[in-house]
Amino acid sequence: MTLLAVDIRANVGTFAFDARFTTPAAGITAVFGRSGSGKTTLINALAGLLRPKSGRIALDGVTLFDSETGIHVPPERRRVGYVFQDARLFPHLTARSNLLYGAGRLPPADRRTRFDHVVGLLGIESLLQRRPRQLSGGERQRVAIGRALLSAPRLLLMDEPLASLDAERKAEILPYVERLRAEEHVPIVYVSHAMGEIVRLADSLVLLADGHVVASGAAVDLMNRVDLDPVLGAFEAGTLLEGRIDGYDDAHGLLHLKVPGGTLRLPGRPLANGTRVRLKIRARDVALALAVPRDTSVLNILSGRVREVAADQSSQVNVLIEPLDAPEAPPLRARVTSLSAEQLGLRPGLAVHALIKAVALDRDPSAGRHGSALAFGTAAIDDLREEP
Amino acid sequence: MWSLSPAESEALVLSLRVATWSVAIGLPPAMAVAWLLARTQFPGRVIVDGIVHMPLVLPPVAIGYGLLALFGRNGIIGAWLYDAFGVTLAFTWQGAAVASAVMGFPLIVRSIRLSLDAIDTGLEAAARTLGASRLRVLATITLPLVLPGILAGAVLGFARSLGEFGATITFVSNIPGETRTLPLALYSAVQTPDGQALALRFAVLSVVLAIAALITSELLARRVRRRIGS
């Protein structure tokens, strides 16, 4: 089932943009790319605020734009909610009036309960009488999310909603975005250039560079593709794993996480068994050994077989390791110096042991209470790194 | 000493009436023109901008003469107005209001336009994604946010009208009780032998009126600013 089918070309000034992709019917589709890659052009076209030069956009099978038949549904009739980076609350209205601005689309009978529900979901009960200038950045962004939700959107666009906030405010908003996915069932297109947010939120991914779609598909697949390093950022490159909580070591405060190829132990607060968790292991945090080392502080040792040794222009190599018992799982990536690769004689087929320090997997402290898909690891939200 | 003579109160009331009407007829077109200049691109935009600013740079007497030529009983528009509606502008207080409106027009347009330019158009875009038509955006977002500019423009136009002399005396002459506003009465007093004392009173009256207008505008502006929260 396809939610969005996009195939458009646009010119913004001298910037040529073209995009062609589809997204699945549910969940969060992240649009990732550096500044100037065309992210905002893309979602403005989805919202109807920008008219592409040619092409077609369909949402849920309904044509929103088609240059051939001359269809360009104006933004007010698209039912596409838009959360802007700068919130854009109406300064002359209270938070309550802002929230209700687009609520005319809701059936009158539902309006009251829906309003109370959204206000509760976002925790903004105490802010309703205030004006936007009396709200903090994070509070403004929550009201802006509520305002978009209450306009009964078929699709919610979020344009770097956290980019103008400090780390603490980011941590304040993220759990609410996760709640949207879990409880509201409104599909979301989430634009960001922060890898931590992508790891944590994205179900599927559209990668943009220089005005083109480089790749699109399931987030876990794309994040593990070595050839996309230039777009995703080589420093953050690593393996994105999905696993389930499989126990908790109370005495040492360690979570047990079952992933393809073994069980990882990582520090953190207890989570219910079976909770789905997403984990990013940065390639630079993985060491390799030919034999299982004894008397080591490293808690996590995954055994596997080298699939590929990929050198790039630097004096470092990327090593892809297939987990022993789970050849279908995404290969684990390790980044080591070419000297180490030589000394170990790394080559495809060689049996190796990947060593991952548990503290490198330290739990994202901002991970919310509603964790259906929490992010862990070194690309955690408190560790966000802007791409240069 | 403190009470006004019939001639003085006549001039004062007439001035206020002319100023009020000049703002009333000037404001709607000024809003439209300001919006066109601030928000649209069309061929001839520079020319429209130039024409709007004419009253600022031309001698007021020339504007008054132009009005007489157009709106006089024999002018193209004046003749039509008389034939169709029986309305005469030349040598009437209504004509004085038109003269004031024309002279104040660029000030009102500039003020509203500055205010429009200061509005984040992103707010209007946000309103449309929330389902508001262009008209609703104009009524619920643009107009409330531009209100301080409209108010400031109205006050400027009002004050400009209280001081209007050249275009008025050329277009509608200086008829006591009909077109003799405060500045014209002051001028007449100066022209009269032994009229110095009377002229001084008219001058003081003008100053008091101007200060009252400025204070009123400041109070209004404060209230509006509080309401729209900027």
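Here is a walk through the structure, from the layout of chain A to the surface of chain B. Keep in mind that this is a predicted model.

Let's begin with the way chain A is divided up. The domain assignment splits chain A into domain 1, covering 2-223, and domain 2, covering 238-383. Take the C-alpha centres of domain 1 and domain 2 of chain A, and you get a separation of 33 Å. For another distance in chain A, look at A:L100 and A:K53: they sit 47 residues apart along the chain, and their C-alpha atoms are separated by 34 Å. A:L100 itself belongs to helix α2 of chain A, residues 95-100. With a relative accessible area of 36%, A:L100 is partly exposed.

Now for the hairpins. At the N-terminal end of the numbering, strand β1 (residues 2-12) of chain A runs antiparallel to strand β2 (residues 15-24) of chain A, and ten bridges join them. If you want a register to hang on to, A:D7 stands opposite A:R20 in β2(A). The hairpin of β1(A) and β2(A) has two residues between the strands, and there A:G13 takes a positive phi near 60°.

Another hairpin turns up further along chain A. Here strand β13 (residues 254-259) of chain A pairs with strand β14 (residues 262-267) of chain A, again in the antiparallel sense, over six bridges. Opposite A:L255 you'll find A:L266 in β14(A). The hairpin of β13(A) and β14(A) has two residues between the strands, and A:G261 takes a positive phi near 100° in it.

On to the charged side chains. How many salt bridges are there over all chains? The count comes to 20, and a few of those in chain A are worth a visit. A:R88 and A:D86 meet through their side chains in a salt bridge with an N to O distance of 3.2 Å. A:D86 has a relative accessible area of 45%, so A:D86 falls in the partly exposed class.

The next pair sits within a helix. A:R179 and A:E183 form a salt bridge of 3.3 Å, N to O. Why are they separated by about one helical turn? Because A:R179 and A:E183 are four residues apart in helix α5 (residues 167-184) of chain A. Their surroundings can be read from accessibility: A:R179 has 17% relative accessibility and therefore counts as buried, while A:E183 has 36% and therefore counts as partly exposed.

Then there's a salt bridge between A:E242 and A:R278, whose closest N and O atoms are 3.1 Å apart. This pair links distant parts of the chain, with A:E242 in strand β12 (residues 238-249) of chain A and A:R278 in strand β15 (residues 276-282) of chain A, 36 residues apart. Is A:R278 buried or exposed? At 2% relative accessibility, A:R278 counts as buried. A:E242, with a relative accessible area of 32%, is partly exposed.

Aromatic contacts come next. A pair of aromatic rings is described by the distance of the centres and the angle of the planes. A search of the whole structure finds seven aromatic pairs over all chains. One of them joins A:Y82 and A:F84: the ring centres lie 3.9 Å apart and the planes meet at 10°, so this pair is stacked. As for cover, A:Y82 is buried with a relative accessible area of 4%, and A:F84 also counts as buried, at 2% relative accessibility.

Finally, turn to chain B. It contains ten helices and zero strands, so the element string from the N terminus on is simply α-α-α-α-α-α-α-α-α-α. Along the principal axes, the C-alpha atoms of chain B fill a box of roughly 70 × 45 × 30 Å. Of the 230 residues in chain B, 43% are buried.

What makes up the nonpolar surface patch of about 580 Å²? The patch is made by B:I47, B:I51, B:M54, B:L56, B:V57 and B:L58. Among them, B:V57 lies in helix α2 (residues 45-57) of chain B. B:V57 has 66% relative accessibility and therefore counts as exposed.

Note on methods. Residues numbered from 1 in each chain as written. Chains lettered and ligands numbered in written order. Predicted model: local features only at pLDDT ≥ 70, side-chain atom pairs only at ≥ 80, totals over all residues. Heavy atoms only, no water. Pairing = 2+ DSSP bridges. Domains from an automatic or database assignment. Patch = residues over 30% accessible without salt bridge, like charges linked within 9 Å, V, L, I, M, F, W, Y side chains within 5 Å. Areas by Shrake-Rupley, 256 points an atom, 1.4 Å probe, with all protein chains shown as cover. Salt bridge = Lys/Arg side-chain N within 4 Å of Asp/Glu carboxyl O. Buried < 20%, exposed > 50% of the residue type's maximum accessible area, 1.4 Å probe, protein only. Phe/Tyr/Trp six-rings, centres within 6.5 Å; stacked < 30°, edge-to-face > 60°.
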